[in-house]
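Please look through the structure shown below, and then follow the questions and answers, which reason from one residue to its partners.

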Amino acid sequence: MSNLFTKQSFIGYIIKIAGVVVIGWGVIQGIFSLSMMAQMGGHLMNDWGEMHYSSGITGTALFAFLGIVASHFLYGLLIIGFGEVIDTLQKIYFRMDPEAKQQWEDERKEKESGVPNREVPFWVEQEVKTYYEKMQSNVQTIEKTNDPYVFKIAVDERVDYMEVGNFKPRILSDEEAARFTE
């Protein structure tokens, strides 16, 4: 059971969480309906045809409660099962293609550490080059830093630290850049 919610694939994990939410919602809905039926009570007819009012939890209230909880429990288990199928297909794919598994593990480690290992994104290169072309400067290199939006840029025999991702690229001040030079 501890293995059930291991994050093998993001989609499978989300689907399993949705299944647990459905089960939880069924329990809440069942308790709500049980309390509403207990408050309303019921009219019963005795052997002589006289109507009597009974309050509290009746057989129909319990039957409705169990029906709601059981149906939501089954739906939730089905949804969790779909998540398990997706995880199983992911495991089969990783067995057939070990390189894909290695790439997936590298991406996961990269997300956990917060420091991307891949090259500089294309949009960053375009944004930086456009910015420095307007200033009539020549860009030699663009390197990543530990912040995903700040890049170290070698330009015309100097080094700038630039923040991208906002409306306009911004060159960091010396005080701000000191965080990235250490």
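Q: Is Glu84 buried, partly exposed or exposed, and what is its relative accessible area?
A: Buried means under 20% relative accessible area, exposed over 50%, and partly exposed in between, with a 1.4 Å probe and protein chains only. Glu84 therefore counts as partly exposed, since its relative accessible area is 26%.

Q: Which side chain meets that of Glu84 in a salt bridge?
A: This is a predicted model, in which local features need pLDDT of at least 70 and side-chain atom pairs count only at pLDDT 80 or more, while totals for chains, interfaces and linings use all residues. Residues are numbered from 1 along each chain as its sequence is written, and side-chain values use heavy atoms, with hydrogens and water left out. A salt bridge is a side-chain nitrogen of Lys or Arg within 4 Å of a carboxyl oxygen of Asp or Glu. At 2.8 Å, N to O, the partner of Glu84 is Lys16.

Q: How many residues apart are Glu84 and Lys16?
A: Glu84 is in helix 2 and Lys16 in helix 1 (residues 10–40), where helices are DSSP runs of H or I with at least four residues, numbered from the N terminus. The pair links distant parts of the chain, and the separation is 68 residues.

Q: Which residues are linked with Lys16 in a network of salt bridges?
A: Lys16 is buried, because its relative accessible area is 1%. The side chain of Asp87 also meets that of Lys16 in a salt bridge, at 2.5 Å, N to O. The network thus links Lys16 with Glu84 and Asp87.

Note on methods
Helices (H or I, at least four residues) and strands (E, at least two) are DSSP runs, numbered from the N terminus.
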